[in-house]
Amino acid sequence: MSAVHEHAHNHPNKKKVINRLARIEGHVRSVKNMVEADRDCSEVLIQIAAVRKALDNAAKVILKDHLEHCLLYAMEEGEGSKSLENFETAIDRYLR
């Protein structure tokens, strides 16, 4: 079950997240090429770790935006409890 927000999403860091994801996409392609070229496993694993870290950093930006935008909006609209519950669900899924 996904959380649906009743307000418009206008996140200030959208461009920043898109740029990060584009770099990650290129990085993943490079890792794929490393595997295809039979590069050393330890080098591939190091690059996979770097991709994971980059994804975590992108997620942090999204989470920060959500805290600053969505939760504050929900509090102002009197829906803070439901929004917080949705946010906790998203965090739980992210941390699995």
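**Group meeting talk: a three-helix model**

Okay, let's start with one residue: leaving aside neighbours within four places in sequence, Leu-55 is in contact with Leu-21 and Ile-24. Before I go on, please keep in mind that this is a predicted model. So where does Leu-55 sit? It's in helix α2. Leu-55 and Ile-24 are 31 residues apart in sequence, but their C-alpha atoms are 7.3 Å apart in space. Is Leu-55 buried, exposed or partly exposed? Partly exposed, with a relative accessible area of 41%.

Let me step back to the whole thing. The protein has 96 residues, and 21% of them count as buried. Its secondary structure comes to 3 helices and 0 strands, and if you read along the sequence you get the pattern α-α-α. The accessible surface comes to about 7400 Å², with 56% of that belonging to carbon and sulfur atoms. And if you take the contacts between residues at least 6 apart in sequence, 65% of them join residues at least 24 apart.

How confident is the predictor? The mean pLDDT is 85, and 85% of the residues reach 70 or more. Confidence is highest in α1, at 97, and lowest in helix α3, residues 80–95, where the mean is 78.

So, on to α1. This helix runs over residues 14–36. It has 23 residues and reaches 33 Å from its first C-alpha to its last, close to the 33 Å expected at 1.5 Å a residue. Which of its residues are buried? Those are Val-17, Ile-24, Val-31 and Met-34.

Some of those names come back in the next part, the largest nonpolar core. It's made up of 6 residues: Ile-24, Val-31, Met-34, Val-44, Val-51 and Ala-58. Both α1 and α2, which covers 41–76, supply at least two residues each to this core.

Let's look at two members of that core. Val-31, again leaving aside neighbours within four places in sequence, is in contact with Val-44, Gln-47, Ile-48 and Val-51. Then there's Ala-58, which lies in helix α2. Ala-58 counts as buried, because its relative accessibility is 2% and the cut-off for buried is under 20%. What does Ala-58 touch? Not counting residues up to four places away in sequence, it touches Val-17, Arg-20, Leu-21 and Ile-24. Its C-alpha is also separated by 8.9 Å from that of Ile-18, and those two are 40 residues apart along the chain. Notice that Ile-24 is in contact with Leu-55 and is touched by Ala-58 as well.

One more residue in α1 while we're here: Asn-33. Asn-33 is partly exposed, with a relative accessible area of 44%. Asn-33 and Val-44 are 11 residues apart in sequence and 9.8 Å apart in space, C-alpha to C-alpha.

Now for the charged pairs. Side chains of opposite charge can pair when their charged atoms come close. How many salt bridges does the structure hold? It holds 2.

One of them joins the side chains of Lys-32 and Glu-36, at 3.5 Å from N to O. Why might these two be placed to meet? They're 4 residues apart in helix α1, so they're separated by about one helical turn. Lys-32 is exposed, and Glu-36 is exposed too.

Glu-43 and Arg-39 also meet through their side chains in a salt bridge, at 2.6 Å from N to O. Glu-43 is partly exposed, with a relative accessible area of 31%. Arg-39 is partly exposed as well, at 43%.

Last stop, the stretch after α1. Asp-38 is found in the loop between α1 and α2. What's odd about its backbone? Asp-38 has a positive phi of about 55 degrees although it is not a glycine. For context, most residues other than glycine have a negative phi. As for its surroundings, Asp-38 counts as exposed, at 69% relative accessibility.

If you'd like to follow along on the structure, try this order. Begin with Ile-24 in the core, move to Ala-58 in α2, and finish at Asp-38, just after α1. And when you get to α3, remember that confidence is lowest there. That's all from me, thanks!

Note on methods. Residues numbered from 1 in each chain as written. Predicted model: local features only at pLDDT ≥ 70, side-chain atom pairs only at ≥ 80, totals over all residues. Heavy atoms only, no water. Salt bridge = Lys/Arg side-chain N within 4 Å of Asp/Glu carboxyl O. Buried < 20%, exposed > 50% of the residue type's maximum accessible area, 1.4 Å probe, protein only. Core = buried A, V, L, I, M, F, W, Y, C linked by side-chain atoms within 4.5 Å. Contact = heavy atoms within 4.5 Å. Expected span 1.5 Å × (residues − 1). Areas by Shrake-Rupley, 256 points an atom, 1.4 Å probe, with all protein chains shown as cover. pLDDT = per-residue confidence, 0-100.
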